[in-house]
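The following paragraphs lead the reader through a single protein chain, from its sheet to its helices and its core. Please keep the sequence and the model in view while reading.

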Amino acid sequence: MLFKVSMTVRLPHDMPQAHADELKATERAVAQQLQRSGKWRHLWRVAGRYANVSIFDVSGADELHALLTALPLFPYMDVEVEALCRHPSSIHDDDR
Ligand SMILES: O=C(O)C[C@H]1C=CC(=O)O1
């Protein structure tokens, strides 16, 4: 199943820079591993914001929930999830 996920990161202003840097580095490693696995299909920065729009390809909502809540930055994110289904006019076979 495909899901569109919008994540907005809000790190506390008083978080020590070293802790923020460590969280971001760990998040990057996890995100890149999930992209290599094919589960995190697209990752786009929203221009001008500390936010992204992503497409996940997972078995269902339970797997997506497990992946998102395991992200190191999850405690500092606002997350919005939308389930996607095939568009009848799409010419692509890989969008289901
Ligand atoms: O930067 C972000 O949008 C937050 C998060 C998502 C992937 C990643 O590496 O960090």
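Helices and strands are here DSSP runs, of at least four residues for a helix and at least two for a strand, numbered from the N terminus. The model is a predicted one. With the elements assigned in this way, residues 1-89 are 34% helix and 33% strand, and the C-alpha atoms at the two ends of this span lie 19 Å apart. The same residues, 1-89, are covered by the annotation "domain: Muconolactone isomerase" in an unreviewed UniProt entry.

The sheet is a suitable place to begin. Its 4 strands form an open arrangement in the order E2-E3-E1-E4, and their pairing is antiparallel. Strand E2 (40-45) and strand E4 (77-84) are the edge strands, each of which pairs on one side only. On average, neighbouring strands of the sheet are turned by 15° against each other, with direction ignored.

Strand E1 (residues 2-9) and strand E3 (residues 51-57) are joined in the antiparallel sense by 7 bridges. Within this pairing, Met7 stands opposite Asn52 in E3, while the bridge partner of Lys4 in E3 is Ile55. Strand E3 is also linked to E2, with which it runs antiparallel over 5 bridges. Here Asn52 in E3 is the bridge partner of Arg45. E2 and E3 together make a hairpin with 5 residues between them, and Gly48 in the turn has a positive phi of about 80°. As for solvent exposure, E3 is mostly covered, since 5 of its 7 residues are buried.

Helix H2 (residues 61-69) packs on this sheet and touches E1, E3 and E4; the direction of H2 makes about 25° with that of E1. Which residues of H2 are buried? They are Glu63, Leu64, Leu67 and Leu68. Seen down the axis of H2, the buried residues fall within an arc of 130°, and therefore they line one face of the helix. These buried residues of H2 pack against E1, H1, E3 and E4. On the other side of H2, Asp62 and His65 are exposed.

The nonpolar core can now be considered. In soluble globular proteins, nonpolar side chains tend to be buried together. The largest nonpolar core of this model has 19 residues, of which Val5, Met7, Trp40, Phe56, Leu64, Leu68 and Leu71 touch the most other members. E1, helix H1 (17-37) and H2 each supply at least two residues of this core. Val5 illustrates how sheet and helix come together: leaving aside neighbours within four places in sequence, its contacts include Phe56, Leu64, Leu68 and Val79. Among the further contacts of Val5 are Asn52, Val53 and Ser54, as well as Glu80 and Val81.

Ser6 offers a polar counterpart for inspection. Ser6 has its place in strand E1. Is Ser6 buried or exposed? Residues under 20% relative accessible area are classed as buried. Ser6 counts as buried because its relative accessibility is 18%. Apart from neighbours within four places in sequence, Ser6 is in contact with Asn52 and Val53, and also with Asp78, Val79 and Glu80.

Notes:
Residues numbered from 1 in each chain as written. Predicted model: local features only at pLDDT ≥ 70, side-chain atom pairs only at ≥ 80, totals over all residues. Heavy atoms only, no water. UniProt positions renumbered as here; feature names shortened; annotations may be inferred. Pairing = 2+ DSSP bridges. Axes fitted to C-alpha atoms, helices over the stretch in contact; angles between N-to-C directions. Contact = heavy atoms within 4.5 Å. Buried < 20%, exposed > 50% of the residue type's maximum accessible area, 1.4 Å probe, protein only. Core = buried A, V, L, I, M, F, W, Y, C linked by side-chain atoms within 4.5 Å. Arc of directions from axis to C-beta.
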